[in-house]
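Here are my notebook entries from a walk through this model. I took the sheets first, then the ligand, then the helices.

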Amino acid sequence: METILRGESITKKFGGFTALKNVEFNIKRGEILGLIGPNGAGKTTLFNIISGAFPPTAGRIFFEGRDVTGLKPHQICKLGIARTFQIVRPFNNMSTLDNVLSGALFGKDAVSDLKDAYERSLSIINFVGLEKKKNKLAKELTLHERKMLELARALATNPKILLIDELIAGLTPLEVQETMRLIGKIRDELGVTIFWIEHVMRAVMGLADRIIVLAYGEKIAEGKPFEIANDKRVIDVYLGGGLIE
Ligand SMILES: Nc1ncnc2c1ncn2[C@@H]1O[C@H](COP(=O)(O)OP(=O)(O)OP(=O)(O)O)[C@@H](O)[C@H]1O
Ligand SMILES: [Mg+2]
């Protein structure tokens with residue numbers, strides 16, 4: 001399979017602190033790639049670099065073979081890379097529909113026709129199961145619903161690849177099940193490649209094709225879920241770091 005997104009020797013320093021050190025990754029089109037690691041490992045920082053929030057100190061990001069390092073977030077988004085945020089931040093005083101519409105209008109093939117954007121937003125709202133909440137204000141939604149809204153906003157930009165930053169922490173077991181099914185559908189039905197940070201190990205293990213493990217800014221393992229589950233360094237980091245379910 002063809003590579004869609006690649007990171008080459010990504011290093012990020014904040015002052016004297018090295019948050020990422022020579023991290024390499026490679027995602028194939030159509031893949032679900034999990035990204036795990038203890039708190040502070042550098043996972044969100046890697047997403048910030050991919051999505052253009054700030055440039056890496058060293059290293060390059062390639063999307064569909066093109067060097068996109070240092071592009072601004074709106075440029076990255078228009079190329080077809082969308083993300084969700086660990087701390088969801090919808091426009092609280094706007095309805096679900098208007099929030100999703102803002103993504104649709106901002107997206108890759110910016111729709112000048114409001115009607116198209118409106119219809120696309122409604123269909124995405126249905127896809128994530130928020131159809132009954134479309135006229136509710138974002139601030140009236142539950143945590144699960146706000147997370148679904150976050151996903152819908154990202155999907156409305158019509159991405160080729162979606163960076164998901166912790167969608168299921170804090171949800172009930174049933175909501176976790178539903179969200180996992182949805183992530184599978186995003187790949188299988190919408191054809192979107194997925195790079196997925198998650199702390200809930202059994203969810204990532206159950207859905208990802210491959211997993212990358214970061215610890216203290218370095219990649220310490222990469223492989224299929226069963227390989228990661230049996231990797232001594234990974235077990236040490238998690239037991240030593242006091243993670244997880
Ligand atoms: N903008 C920033 N300025 C300074 N330090 C930062 C910045 N962003 C992240 N860091 C630091 O970089 C390290 C990695 O942070 P990051 O948010 O990437 O971790 P993470 O793996 O996403 O952790 P978590 O699982 O808790 O979300 C942390 O020590 C954090 O304090
Ligand atoms: Mg994070």
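**Entry 1: ground rules.** I call two strands paired if DSSP finds at least two bridges between them. Helices (H or I, at least four residues) and strands (E, at least two) are DSSP runs, numbered from the N terminus. This is a predicted model, where local features need pLDDT of at least 70, side-chain atom pairs count only at pLDDT 80 or more, and totals for chains, interfaces and linings use all residues. Residues are numbered from 1 along each chain as its sequence is written, while chains are lettered from A and ligands numbered from 1 in the order in which they are written.

**Entry 2: the sheet of 4 strands.** I looked up the strand order and found S2-S1-S4-S5, an open sheet with antiparallel pairing. At its edges I noted strand S2 (17–28) and strand S5 (66–67), each of which pairs on one side only. I then followed strand S1 (residues 3–14) to both of its neighbours. S1 and S2 are joined in the antiparallel sense over 8 bridges, and Gly7 has Phe25 in S2 as its bridge partner. Their hairpin has 2 residues between the strands, and there I found Gly15 with a positive phi near 60°. On the other pairing, 5 bridges tie S1 to strand S4 (residues 58–63), again antiparallel. Thr11 faces Ala58 of S4.

**Entry 3: the sheet of 6 strands.** Which strands stand at the edges here? The order reads S6-S7-S8-S3-S9-S10, an open sheet with mixed pairing. Strand S6 (81–83) and strand S10 (218–223) are the edges; each has a single partner strand, so one side of each is left without a neighbour in the sheet. I also checked the twist: on average, neighbouring strands are turned by 20° against each other, direction ignored. For angles in these notes, axes are lines fitted to C-alpha atoms, for helices over the stretch in contact, and angles run from 0 to 180 degrees between N-to-C directions.

At one edge, S6 and strand S7 (residues 161–165) run parallel, joined by 3 bridges. Ala82 sits opposite Leu162 in S7. I saw helix H6 (residues 173–188) packing on this sheet, where it touches strand S3 (32–36), S7 and strand S8 (193–197). The direction of H6 makes about 150° with that of S8. Contact here asks that the C-beta atoms of two residues, placed from the backbone, lie within 7 Å.

At the other edge, strand S9 (residues 210–215) and S10 run antiparallel over 5 bridges. Ala215 is partnered by Glu218 in S10. The hairpin of S9 and S10 has 2 residues between the strands, with Tyr216 at a positive phi near 50°.

**Entry 4: ligand 1.** Which residues surround ligand 1? I listed Phe14, Ala19, Gly37, Asn39, Gly40, Ala41, Gly42, Lys43, Thr44, Thr45 and Gln86. A residue is on this list if its C-beta atom, placed from the backbone, lies within 6 Å of the ligand. Helix H1 (residues 43–50) gives the most to this shell, with 3 residues. By class the shell has 3 nonpolar, 7 polar and 1 charged residues. For the classes, Ala, Val, Leu, Ile, Met, Phe, Trp, Tyr, Cys and Pro count as nonpolar, Asp, Glu, Lys and Arg as charged, and the others, Gly among them, as polar.

**Entry 5: H3, H4 and H5.** Next I went through the helix pairs. Helix H3 (residues 96–106) and helix H4 (residues 114–127) pack at about 120°, with axes 9 Å apart. H3 and H4 are therefore oblique to each other. My scale: angles under 35 degrees are roughly parallel, over 145 roughly antiparallel, 65 to 115 roughly perpendicular and the rest oblique. Among the residues that meet are Val100 and Leu101 in H3 and Ile124 and Ile125 in H4. That contact has 9 nonpolar, 2 polar and 1 charged residues.

H4 and helix H5 (residues 143–156) pack at about 140°, with axes 10 Å apart, which makes H4 oblique to H5. Arg120, Ser121, Ile124 and Ile125 of H4 make the contact with Ala152, Leu155 and Ala156 of H5.

The axes of H3 and H5 come within 6 Å and cross at roughly 30°, and these two helices are therefore roughly parallel to each other.
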